[in-house]
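Trainee: I'm new to this one and would love a close look at a single part of it. Could you show me the structure before we begin?

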Amino acid sequence: MNKLLPALSILPLCACYSGVPLADELPFTLTGHARVNYGHQDWQRPEFRDGFEFESFKLGVSGKSEQFSYKAEYRWYENVDFNTVRFAELTYHHDERTQITAGITQTPFGLQPFGSNNFWFSVNYYLGFEDDYDAGIKINHDWGNWDFQAAYYMNDEYNDAAKFSRYSFDVADDGEYRNKEDGQYNLRANYSARFIRGATTDMGISYQYGNILNLDTLDDGDMNAYAVHLRHTQGDIKVELQYIDYEYNLAAPEGQAKDRMALSAFTFPFLAATDGRTYSANLVYSVPYEFDHIESLTCYSEFSTAKGQGASGKNSSQWINGCSFGWDKLFVYVDSIQGKNMWFSGGPGVGLDLDGRQGTTHRLNINLGIYF
């Protein structure tokens, strides 16, 4: 576990800051970032408690023609020593209301494009329900105030459950709990309205069903998940609420526990509850004052928790308070993170009682990135 924890100090996460063209003469748009990270983790041994290091380098490419557009992104992570694709997709624009996207593309589930504003995301990210990318095809259709999405994914982005070096969190084969995503359907509907003058309210529901192949029995289990989500923006204040209910029915070998499964990303697998509920609530304030150099100053308080069901279930949570701001091409996140029984915050897993570190931990994280 001690070897695992230092590596977790630079988990990826937010890609919320958009880039600009590197050179106007190129026939496509090239974007990227180079980021460094400082972290203080109070649960670590003294020699691992503080650290300042290079975090990641990213390159992205995008372009469009009359009816098609494309985009792809690849990342290199230094401290955990791996590189990975985040997405690679081609979109056909049938008309102004309907688009069809194929490739490694974001699954339409929950608040989009993210259910978080901090650098570390919510517990939903670590369960594969936020900023998740898989290989398949997706249809998006706008109809008045409604936005509908439907998708089918053949498998995860690498079609290899034993490959832990990835950006998205997926069902994994850790050598003991050996399962694999084997076909997944997604449906999402969102309604955008102006119930209050000067405010926008987005209300939506999402559903996900997938086959889960057990690599020992070669039988299919399945999973179901649904989400109810709301985003309300009024002036400089934004409120985001989300509830997710999920359950995996695994075709595990006789005698193996079915209340847990392996998930993985960023080179490490971990265990999570197969039956759970998650709750998240965000309060975000975009500071309206004008500064000489600082722009887009945003502060937030974001709480999320995963409640594992059954005898081995146990709550995992994280509460993040922080601010982000831009300064020319520099973008900075300053986050104070309190975690409890939460995998990336020193805990042994998500939603389970695994007898590991279950007390409240604290992490101070400062991420500085040059974006182009």
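How do the residues of the lining of the second largest cavity divide into nonpolar, polar and charged?

Mentor: Happy to walk you through that. This is a predicted model, where local features need pLDDT of at least 70, side-chain atom pairs count only at pLDDT 80 or more, and totals for chains, interfaces and linings use all residues. Residues are numbered from 1 along each chain as its sequence is written, and side-chain values use heavy atoms, with hydrogens and water left out.

A cavity here is a set of points, on a 1 Å grid over the protein atoms alone, where a 1.4 Å probe fits but cannot get out; lining residues have an atom within 4 Å of a point. Points are joined across faces, edges and corners, and a volume is the space filled by probe spheres set on them. There are two cavities of 30 Å³ or more, and yours, the second largest, has a volume of about 50 Å³.

Its lining comprises Gly115, Ser116, Asn118, Phe121, Ser122, Ser280, Asn282, Glu302, Phe303, Ser304, Gln318 and Ile320. Two or more of these residues come from each of strands S15 (275-286), S16 (295-308) and S17 (315-327), strands being DSSP runs of E with at least two residues, numbered from the N terminus. S16 gives the most, with three residues.

Now to your question: the lining has three nonpolar residues, eight polar and one charged. Ala, Val, Leu, Ile, Met, Phe, Trp, Tyr, Cys and Pro count as nonpolar, Asp, Glu, Lys and Arg as charged, and the others, Gly among them, as polar.

How values were computed
1 Å grid on protein atoms, 1.4 Å probe; cavity = no way out; pocket = protein on both sides within 12 Å on 5 of 7 lines; lining within 4 Å. Helix = DSSP H or I, 4+ residues; strand = E, 2+ residues; numbered from the N terminus.
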